[in-house]
Amino acid sequence: VKEEQPQIQQHDSSSSREEDTTSMPLLLSQKEAWPDVTSFNTVIDALAKSGNVQAGLQAEALLPWMKDLGIVPDEITCNTILSAYAKSGHVEAAMKLLNRLE
């Protein structure tokens, strides 16, 4: 049985950080309160616990934003994204991400 992958809109890394702040879902948009790795981990954890079938994809989609902001994902980030995939039933996607991270 082939596992279907839900689709989400991808982040356009060519746009500027100021443009992104108005469209970044679930993140602070005030210039004086830029997110850090803990902010991203908190959002990713909330996605993992949400029960949403797209939680893993939504969580992984935050990685390019982190990169654009100069934020390095840590072990918590990666484990929580893997958890989001697993909890939303996308074990194959979790395994693909794990292989890319190794």
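**View 1. What packs over the buried side of α6.** In this predicted model, the cover over the buried residues of α6 includes α3 and α5. The residues in question are A93, A94 and L97. Looking down the axis of α6, these buried residues stay within an arc of 100°, so they line one face of the helix. Y85 is a handy landmark here: A93, A94 and L97 are among its contacts, with neighbours up to four places away in sequence left aside.

**View 2. Y85 and the company it keeps.** Zoom in on Y85 and, once neighbours within four places in sequence are set aside, the contact list reads G56, L57, E60, H90, V91, A93, A94 and L97. Y85 is also one of the residues with the most contacts inside the largest nonpolar core. E60 from that contact list is worth remembering, as E60 turns up again in a salt bridge with R100.

**View 3. The largest nonpolar core.** Twenty is the number to keep in mind: this core has 20 residues. Those with the most contacts inside it are F40, L47, A59, L62, I81 and Y85. Which elements give two or more residues to this core? They are α2 (37-50), α3 (55-60), α4 (62-68), α5 (75-87) and α6 (91-101). The largest share comes from α2, which puts in five residues. As a rule, nonpolar side chains in soluble globular proteins tend to be buried together.

**View 4. The whole chain, for orientation.** Stepping back for a moment, the protein has six helices and zero strands, running α-α-α-α-α-α from the N terminus on. Of its 102 residues, 35% count as buried. The accessible surface comes to about 6,500 Å², and carbon and sulfur atoms hold 53% of that. Among contacts with a separation of 6 or more, 64% are between residues 24 or more positions apart.

**View 5. N41 and T80, two polar residues tucked away.** Is N41 in helix α2 buried or exposed? N41 counts as buried, at 9% relative accessibility. Apart from residues up to four places away in sequence, N41 touches D74, I76 and T77. T80 sits in helix α5 and is buried too, with a relative accessible area of 13%. With neighbours within four places in sequence left out, T80 is in contact with I44, D45 and A48. D45 has a second role, as the salt-bridge partner of K49.

**View 6. K49 and D45, a pair along α2.** This is one of the three salt bridges in the structure. The closest N and O atoms of K49 and D45 are 3.1 Å apart. Being four residues apart in helix α2, the two are separated by about one helical turn. K49 is exposed, with a relative accessible area of 62%, while D45 counts as partly exposed at 30% relative accessibility. In general, side chains of opposite charge can pair when their charged atoms come close.

**View 7. R100 and E60, a bridge between helices.** Here the side chains of R100 and E60 meet in a salt bridge, at 2.2 Å from N to O. R100 belongs to helix α6 and E60 to helix α3, so the pair ties together parts that are 40 residues apart in sequence. The two ends sit in contrasting surroundings: R100 is exposed, with a relative accessible area of 52%, whereas E60 counts as buried at 18% relative accessibility.

**View 8. The outward side of α6: a salt bridge and a nonpolar patch.** K96 and E92 form a salt bridge, 3.6 Å from N to O. Both are in helix α6, four residues apart, or about one turn of the helix. K96 counts as partly exposed at 47% relative accessibility, and E92 does likewise at 39%. Which residues form a nonpolar patch on the surface? V91, M95 and L98 do, and together they have about 240 Å² of accessible area. V91 has its place in helix α6 and counts as partly exposed, at 47% relative accessibility. V91 is also among the contacts of Y85 listed in View 2.

How values were computed: Residues are numbered from 1 along each chain as its sequence is written. This is a predicted model: local features need pLDDT of at least 70, side-chain atom pairs count only at pLDDT 80 or more; totals for chains, interfaces and linings use all residues. Side-chain values use heavy atoms; hydrogens and water are left out. A nonpolar core is a set of buried Ala, Val, Leu, Ile, Met, Phe, Trp, Tyr and Cys residues joined through side-chain atoms within 4.5 Å. Buried means under 20% relative accessible area, exposed over 50%, partly exposed in between (1.4 Å probe, protein chains only). Contact means heavy atoms within 4.5 Å. Accessible areas come from the Shrake-Rupley method with a 1.4 Å probe; for residues, only the protein chains shown count as cover. The arc is that of the directions from the helix axis to the C-beta atoms. Patches are made of residues with over 30% relative accessible area and no salt bridge: like charges are joined within 9 Å, nonpolar side chains (Val, Leu, Ile, Met, Phe, Trp, Tyr) within 5 Å. A salt bridge is a side-chain nitrogen of Lys or Arg within 4 Å of a carboxyl oxygen of Asp or Glu.
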